[in-house]
Amino acid sequence: MIRTHRLAAGVCALLAALAGGIAFPGQAVADETEQAAPKVELVLDVSGSMRTADIDGGTRMAAAKQAFNEVLDATPEGVQLGIRTLGANYRGNDRKEGCKDTAQLYPVGTLDRTEAKTAVATLTPTGWTPIGPALLKAADDLQGGSGTRRIVLISDGEDTCQPLDPCEVAREIAAKGVGLTIDTLGLVPDAKTRDQLSCIADATGGTYTSVQHKEELTDRVGQLVHRAADPVVTPVATEGTDQCSSAPTLKSGLYTDREEFGQQRWYKVDVDPGQELRASVSVAADRAVNADYGVLLRAVTVHGREIVRGEASGLGRTDVISTGLRYPKAESDDEDTTPETVCLQVTNSFSAASGVKTSPGLPVELTVDVVDGPSQASDVASFGLGRGWWLLGALVLTGFLAGLVWGWVSRWRIAVWRTN
C-alpha cells in the first residue's frame, strides 16, 4: 500500500515506470506518427494601448509585428498556423460593438509566409480588448483533427468586455476536453493583467510569460510554435460517474476529466491474472482554492472491498497534486483467465474560496497502465518487494555468514594472544 509518508518516492517511481514502459493502445491514444498536423493560432491584441512606445524605444505594436515576422520565417514545416486579432477594426466608443471586434486575419492552415506577413503589416492599433470573445472564436478556428492545438495570446492589458470573464472562458474551453492549450504573453508588468493572463493559461495547462523586450517576445512566441510541433501524447477525454457500476471501462492510456469540489469519480479497468495495474492521478487547482486539501485514489473490487490506495495532501504551495497506486493480480492456480474488474475511485477535498465558481470542475488527468505482473505477485501486493525478496535473502545470508566468520577469527586471535 502506498502510504502518505512514502508518497513522494512512490509516485516518482510510479511515474518513471509509466513514462518508461507504458504502451498506449490504439483506441486510447493515437500513434504519434499518425496524428494530424499540429495547429497553432496566434491571437494578437491590436487595441489602442498597443500604440504605447515602451518596448526598447518602439511601440508595442512594432515589437509584435517584428516578432511575428521572425516567427513566421522560422515556423516548422507541417505546422498549420493562423492569426486572429482582437480590437483591430472598430474605432468607435460603443462598447457593445467594440466587444465584437475579433477577426481571423490569416486562416489556420498551410502557411504562406509572404501572405501572412503582408496581413500582419496592415495592422494598426485601434479599439477595445475583447479577450474572452477572441478566445471563443480561436477555439472554433482550431476545431477538428487529433493533433496538438495551441493558442498563443499576446496582450498588453485586461479584457474590457466583462462580464464575459476570459478566465471563465478558458475554463469552459478546457472543460470540453478538446485538448487545447492556451499560452499567454503579457507586454506590461501590470499586476491585474498578469493575474488575468496567468489565470487563462492555468485553466488549460498553458504558460504565462511577462515580456518587456522585443527579443524576449520573438524568442518566446517561437518556442511556443515549435513546441506545438513536438510529438506528444494527447489525453483522451472521458467522463467518470458517481458509482462503479456505471463507470466507463478504461484501457491503458492517458485520460482527462473534470471533477467538482468534494466530488468523487469512478472508472473501471479489467485486469487479467498475472497482470499489474498501475494508475496515477493529478488534480489541478485552476482557480483560487482554500489551503489544506487532498486527493485520494482507491482501487476497490466491484463489491466495494478496498484493494489498495494512494493519497496525497497539500497546503496550497502548488497548483497540482498527484498520487498513484499499483495492484498486481496473482496468477490463478486453476488456470482461470477471467479478468477482474477493478474500480478506480478519485476523490478530492478541495474547497472553493469565497466568490470562486465551482463549475466547471477541476481538471483531472488519469494515467492507466496494465502490464505483465512481476513474479510472486501476491508478495508484491503485501509488501511491495517483488524480486527484491531474492536480494533481501541473499543479504541476510551473507550477513549471517560474515558474522560467523568474524566471530571465529576474533576468538582465534584472542586465543593466540593469551598463549603468547
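This tour proceeds through a sheet, the disulfides and selected salt bridges of a predicted model.

**The open sheet**

Begin by displaying strands β1 to β6 as a cartoon. Six strands make up an open sheet, arranged in the order β3-β2-β1-β4-β5-β6 with mixed pairing. Colour residues 102-109 and 208-210 to mark the edges: these are β3 and β6, and each pairs on one side only. From one strand to the next, the twist averages 15°.

Next, select residues 39-45 together with residues 149-155. These are strands β1 and β4, which pair in the parallel sense over six bridges. Within this pair, centre the view on Leu-42, which has Val-152 of β4 opposite.

Then add residues 60-74, which form helix α2. Helix α2 packs on the sheet and touches β1, β2 (80-86) and β4. The directions of the helix and of β1 make an angle of about 165°.

**The disulfides**

Select the bonded cysteines and show their side chains. The structure contains three disulfides. Numbered in sequence order, the bonded cysteines of the protein chain pair as 1-2, 3-4, 5-6.

Start with Cys-99 and Cys-161, whose sulfur atoms lie 2.0 Å apart in a disulfide. The link is left-handed, with -100° about the S-S bond. Cys-99 belongs to the loop between α3 (95-98) and β3, and Cys-161 to the loop between β4 and α6 (166-175), so the bond ties together parts 62 residues apart in sequence. Both Cys-99 and Cys-161 are buried.

Move on to Cys-167 and Cys-199, a disulfide with 1.6 Å between the sulfur atoms. The angle about this S-S bond is -50°, and the link of Cys-167 and Cys-199 is left-handed. Because Cys-167 sits in helix α6 and Cys-199 in helix α7 (residues 191-203), this pair ties together parts 32 residues apart in sequence. Cys-167 is buried, as is Cys-199.

Finish with Cys-244 and Cys-343, whose sulfur atoms are 1.8 Å apart in a disulfide. This link is left-handed, at -65° about the S-S bond. The pair connects distant parts of the chain, 99 residues apart: Cys-244 is in the loop between β7 (236-237) and β8 (253-259), while Cys-343 is in strand β14. Cys-244 counts as buried because its relative accessibility is 13%, under the 20% cut-off. Cys-343 is likewise buried, at 0% relative accessibility.

**Salt bridges**

Now show the charged side chains. The count of salt bridges comes to 18.

Select Glu-340 and Lys-329. Their closest N and O atoms are 3.3 Å apart in a salt bridge. Glu-340 lies in strand β14 (residues 340-348) and Lys-329 in the loop between β13 (320-328) and β14, so that the pair links distant parts of the chain, 11 residues apart. Glu-340 is buried at 16% relative accessible area, whereas Lys-329 is partly exposed at 23%.

Extend the selection to Arg-298, Glu-306, Arg-309 and Glu-311, which are joined into one network by salt bridges that share partners. Within this network, zoom in on Glu-306 and Arg-298, where the closest N and O atoms of the salt bridge are 2.8 Å apart. Glu-306 is partly exposed at 26% relative accessibility, while Arg-298 is buried with a relative accessible area of 15%.

For the last stop, select Arg-265 and Asp-257. Their side chains form a salt bridge with an N to O distance of 3.4 Å, and both Arg-265 and Asp-257 are buried.

Note on methods. Residues are numbered from 1 along each chain as its sequence is written. This is a predicted model: local features need pLDDT of at least 70, side-chain atom pairs count only at pLDDT 80 or more; totals for chains, interfaces and linings use all residues. Side-chain values use heavy atoms; hydrogens and water are left out. A salt bridge is a side-chain nitrogen of Lys or Arg within 4 Å of a carboxyl oxygen of Asp or Glu. Buried means under 20% relative accessible area, exposed over 50%, partly exposed in between (1.4 Å probe, protein chains only). Helices (H or I, at least four residues) and strands (E, at least two) are DSSP runs, numbered from the N terminus. Two strands pair if DSSP finds at least two bridges between them. Axes are lines fitted to C-alpha atoms, for helices over the stretch in contact, and angles run from 0 to 180 degrees between N-to-C directions. Contact means heavy atoms within 4.5 Å. A disulfide is a pair of cysteine sulfur atoms within 2.5 Å.
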